[in-house]
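This report describes selected side-chain arrangements in one protein model. It takes up charged pairs, aromatic rings, a surface patch and two buried polar residues.

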Amino acid sequence: MSIHSTLLFVLAAVAVIVAVRWVAARTGLPAAALLPLIGIAYALLPGPNIGLDPDLVLMVVLPPLLYSAALDSSLLDLRRNLRIVVSLSVVLVLLTGLLVGIGFHLFVAGATLAAGIAVGAAVAPPDPVAALAVGRRVNLPPKMVTIIQGEGLLNDATALTMLSVAVAAAVGGKFSFPGAVAQFVVAAVGGVAVGAAVAWAKRLARPLTADPLLSNAISLATPFVAYLIGEELHVSGVLAVVVAGLIVGHQTPQFGSGAARLQTNAVWRLVDFLLEGFVFLLIGQQLPEVVKNLRQYDTSTIVTAVAVSVGVVLLLRPAWLVLTQSLPRSLHTRLGGIAEPDDADEPASARQVARADRNADRLTAREVAALSWSGTRGVISLAAIFTLPLTTDGGAPFPDRDLLLFCTFVVVLVTLVGQGLTFAPLVRRLGLRANEADQARVRNEARSAAVEAALARLDAVAAEDPESGVAVNTIRAQLLTRLARYRGRLDLIEQSGSSEMPTSPAYETALRVRRATIDAQREELVRWRDSGRLPDEELRVLERELDHEELLLPKRST
């Protein structure tokens, strides 16, 4: 494909992504489910098509997407829900790969166990992009978002390591269980170490990050550095990227400047939007590649292989969630839970905190149902299966490679489109919604505490510098006004007694007035520019000030 054709193709893809995003915003349908269908429709038309290069996906697409997701994750929330996250991202992934492999070996004619485990490893890790996009739109509770997000961050490393072991066994005919376990442990531990080292190195570069442009450049390079170092050391580059992102995201409030954070967040949002859009379009365009060599298989063989792959993926996840959440309380405690406090004299607040921590990873029946349907697969599954070699060490064709490609494509399509389109209605039917009042209460309590800390610092400044009295009094008046507003919101929340955020007519009116004044200032600045009284360069400076002021205004009274 020529450069001219490639550019036209990229521009057309961007236009499709933008159009689908616009449609999704107005219809409530997830873009992650619509884009593959458009990709399939395009693949069926005559003309050039883009094949999936697994190395490009694993080395160029996967690191920034994982790193961005890790930056937005909460290290503390992941640690609080670590048991369920590890259960889904490690144990369930391994079980899925093994059961698919066993199913292929038992029911698919001519299939080997190693080849079955290879396709099982490819379809085992969910891609949470579609589920998270839907979940955030329907206001899924933060705990559910953390679990889905944490699972998606960690499961790729498990699946790719399992895939490499299965491919080695299929290609060379040798398999050692102790060797496989050792390889997995080394890859995991090494990946964590590399990720921590990259995060530490980024922290040392703190003097450079004061400049927003340098901060963005370093941020964009970080995931690729972590991935390449991990792969060069033969450990998990995926896990290195995730760990680096989690640590950097946790430390950013302490070591990053405000301007750098604003710009970095905007850059990563754009990167996510474009990369995810291209990825989902790319999934649909692989249809001709995965079906062209299926004529060598009997229809019954294809149907059986697809049934095994899709059946295990769809049925094992809810079964595993129900099983793990049905464990006896005593066993749950021995597996790492917090025991009941024995001291009857312990304060009630301490007992409540202990009980909340103990039940942090216990899921309700509604949460189990939602998580069971959140396991959408994505491009990582296709990229993984496309890495299968064409031949074995002996020169023979890799066993059932085309059949494995087709099974993976069907699993991705069924979960991405089927579960992606039905996840939002399911969540609404289950009545799973974040408690908006609690979220608003925490935010306003934190805001009040921050303002009180600022008032205390003003007193210290006034004591150290008597000449700062006028400035201190002005800022103190502003802070007291803000504190009164936050406390008023807290009183409104307490009086409502509802899980939804109550509205305040007076506060909403104040927001409209503030937006109206900002619009008036912006219009006047443009008139000055158009009349020649204000240079464009100065207009941009003043407009940026108004943009930041407008950005501080909430969309509603939170």
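**Salt bridges**

K292 is partly exposed, because its relative accessibility of 43% falls between the limits for buried and exposed residues. The model is a predicted one. The side chain of K292 meets that of E289 in a salt bridge, with an N to O distance of 3.4 Å. E289 is likewise assigned to the partly exposed class, at a relative accessible area of 32%.

Side chains of opposite charge can pair when their charged atoms come close. In total, the structure holds 13 salt bridges. Three of them are set out below.

| Salt bridge | N to O distance |
|---|---|
| K292 and E289 | 3.4 Å |
| D519 and R522 | 3.5 Å |
| E550 and R522 | 3.3 Å |

R522 appears in two of these rows, once with D519 and once with E550. The partners D519 and R522 both belong to helix α22, which covers residues 505-530. They are 3 residues apart, or about one turn of that helix. The bridge from E550 to R522 has its closest N and O atoms 3.3 Å apart. This pair links distant parts of the chain: E550 is in helix α23 (residues 536-551) and R522 in helix α22, with their positions 28 residues apart.

How accessible are the members of this group? R522 has a relative accessible area of 17% and is therefore buried, since the limit for that class is under 20%. D519, at 33%, is partly exposed, and E550 is also partly exposed, at 30%. The bridges form part of a network in which D519, R522, D547 and E550 are linked.

A further arginine is placed against an aromatic ring. R533 lies over the face of W528, at 4.3 Å from the ring centre.

**Aromatic pairs**

A pair of aromatic rings is described by the distance of the centres and the angle of the planes. A search of the whole structure gives 2 such pairs. In one of them, F9 and Y42 are arranged edge-to-face, with 5.7 Å from centre to centre and 70° between the planes. The two residues come from distant parts of the chain, 33 residues apart: F9 is in helix α1 (residues 3-27) and Y42 in helix α2 (residues 31-43). F9 counts as buried, at 17% relative accessibility, whereas Y42 is partly exposed, at 28%.

The other pair is formed by Y67 and W268. Their ring centres are 5.6 Å apart and their planes stand at 50°, so this pair is classed as tilted; the edge-to-face class requires an angle over 60 degrees. Here too the pair links distant parts of the chain, with Y67 in helix α3 (residues 54-71) and W268 in helix α12 (residues 258-284), 201 residues apart. Y67 is buried, with a relative accessibility of 0%, and W268 is buried as well, with a relative accessible area of 5%.

**A nonpolar surface patch**

Which residues make the nonpolar surface patch of about 560 Å²? The patch consists of L98, L99, I102, L106, F107 and L113. Its largest share, 5 residues, comes from helix α5, which runs over residues 82-107. L106 is placed in that helix. With a relative accessible area of 59%, L106 is exposed.

**Two buried polar residues**

T158 is located in helix α8 (residues 142-172). Its relative accessible area is 3%, so T158 is buried. What does T158 touch, leaving aside its neighbours within four places in sequence? Its contacts are with S89, V90, V93, L94 and F184.

Q419 is found in helix α19, which spans residues 401-430. At 3% relative accessibility, Q419 too counts as buried. Once its neighbours within four places in sequence are left aside, Q419 is in contact with L314, S372, W373, G375, T376 and V414.

Key
Residues numbered from 1 in each chain as written. Predicted model: local features only at pLDDT ≥ 70, side-chain atom pairs only at ≥ 80, totals over all residues. Heavy atoms only, no water. Phe/Tyr/Trp six-rings, centres within 6.5 Å; stacked < 30°, edge-to-face > 60°. Helix = DSSP H or I, 4+ residues; strand = E, 2+ residues; numbered from the N terminus. Buried < 20%, exposed > 50% of the residue type's maximum accessible area, 1.4 Å probe, protein only. Lys NZ or Arg CZ within 6 Å of the ring centre and 35° of its normal. Patch = residues over 30% accessible without salt bridge, like charges linked within 9 Å, V, L, I, M, F, W, Y side chains within 5 Å. Areas by Shrake-Rupley, 256 points an atom, 1.4 Å probe, with all protein chains shown as cover. Salt bridge = Lys/Arg side-chain N within 4 Å of Asp/Glu carboxyl O. Contact = heavy atoms within 4.5 Å.
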